[in-house]
Amino acid sequence: MAVIDDLKKNLGQKVVLSLRNGEKSGTILEIEEFADPPSILFQEPTGASRSIAIPLIFMVESAGDGAVVERQQEIKALPVYQAPVYTPAPEPVKPAPEPQFVQSNQEVLAYRIRIESTYDAQSKAAHVDIFPPDFSTPPEIRGLNYGNSSEEPRDWTFIKNKYDNARRTGKLSPQSEDLREIINRCRKLTEHSTLHKSPVFHGYLGYFSYLNGAKQDAILALQKAAKLSDHPQDWNNLAAVALE
């Protein structure tokens, strides 16, 4: 794949990634070509690292200073296009339309069936991809005051570390012990007196339930996330699971 080749060429370099939902700039730290799904570990300019699925990447561009200067010079060197002055020719006199023959009912019906069959096949072939979470620490976690208890922060750290380790070791299979532990901890956060209104944790719970093969649980959690959020990714994930 051309994208994977470009990622390998720019491993450890600053790049600009063109994704489905926009562009991301940062540094490629690691390429997991044979993971499910294949992904990269990407460090953003803020220092935060996140996993990005390779199928969501359309283009990889170098973000080095030399590449930027070279692109600017290429743009400046392009000739300025001058549109030619166009004088419309006088419109010719149109001949009277010839009489059209009316098709038979059988021909009209056959044509309609061909059209409907074509659109039905295209509709069935339509596919919406689910976006994995980026695991950046939600502000709801950072803003909570737990006093002497650190139970909830430990749950969040456990979820991130457990998911990352299971993904690297190939233990994210449906009904696996690792995935069940992640779901239980995530559900615990969605039942917290403050965090139950956070769309982030309901979105995580829906994604993990989807990985576990629990489609109805995933839809319920993603519905809550979509209702509490104004982020299009939550609605995309709900549609992706519902259409499967």
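User: Which elements each supply at least two residues of the lining of the largest pocket?
Analyst: In this predicted model, they are β4, α7 (199–211) and α9 (232–243). The largest share comes from α7, with 5 residues.

User: What's the volume of that largest pocket?
Analyst: About 580 Å³. Its lining counts 26 residues.

User: Which of them lie nearest the centre?
Analyst: Pro132, Pro133, Asp134, His231 and Gln233.

User: And how does the lining split by class?
Analyst: 13 nonpolar, 9 polar and 4 charged residues.

User: OK, the second largest pocket. What volume?
Analyst: About 470 Å³. It has 22 lining residues, and Asp36, Pro37, Tyr207, Tyr210 and Leu211 are the closest to its centre.

User: Which elements give two or more residues there?
Analyst: α5 (151–169) and α7. α7 gives the most, 3 residues. By class, the second lining has 14 nonpolar, 3 polar and 5 charged residues.

User: Switching to the sheet. What's the strand order?
Analyst: β4-β3-β2-β1-β5, in an open sheet with antiparallel pairing. β4 (49–53) and β5 (57–62) each have a single partner strand, so one side of each has no neighbour in the sheet. On average, neighbouring strands are turned by 45° against each other, direction ignored.

User: How many bridges join β3 to β4?
Analyst: 5 bridges. One pairs leucine 41 with serine 51 in β4.

User: Where does α1 lie?
Analyst: Helix α1 (residues 2–9) lies across β1, β2, β3 and β5. It runs at about 30° to β5.

User: What about confidence, on average?
Analyst: The average pLDDT is 77, and 73% of the residues score at least 70. Over residues 146–151 the pLDDT is below 50. That stretch has 5 contacts in the model beyond near neighbours in sequence.

How values were computed: Residues are numbered from 1 along each chain as its sequence is written. This is a predicted model: local features need pLDDT of at least 70, side-chain atom pairs count only at pLDDT 80 or more; totals for chains, interfaces and linings use all residues. Side-chain values use heavy atoms; hydrogens and water are left out. Two strands pair if DSSP finds at least two bridges between them. Helices (H or I, at least four residues) and strands (E, at least two) are DSSP runs, numbered from the N terminus. Axes are lines fitted to C-alpha atoms, for helices over the stretch in contact, and angles run from 0 to 180 degrees between N-to-C directions. Contact means heavy atoms within 4.5 Å. pLDDT is the predictor's confidence in each residue, from 0 to 100. On a 1 Å grid over the protein atoms alone, a cavity is a set of points where a 1.4 Å probe fits but cannot get out, and a pocket is an open set with protein on both sides within 12 Å along at least five of seven lines; lining residues have an atom within 4 Å of a point. Grid points are joined across faces, edges and corners, and a volume is the space filled by probe spheres set on the points. Ala, Val, Leu, Ile, Met, Phe, Trp, Tyr, Cys and Pro count as nonpolar, Asp, Glu, Lys and Arg as charged, and the others, Gly among them, as polar.
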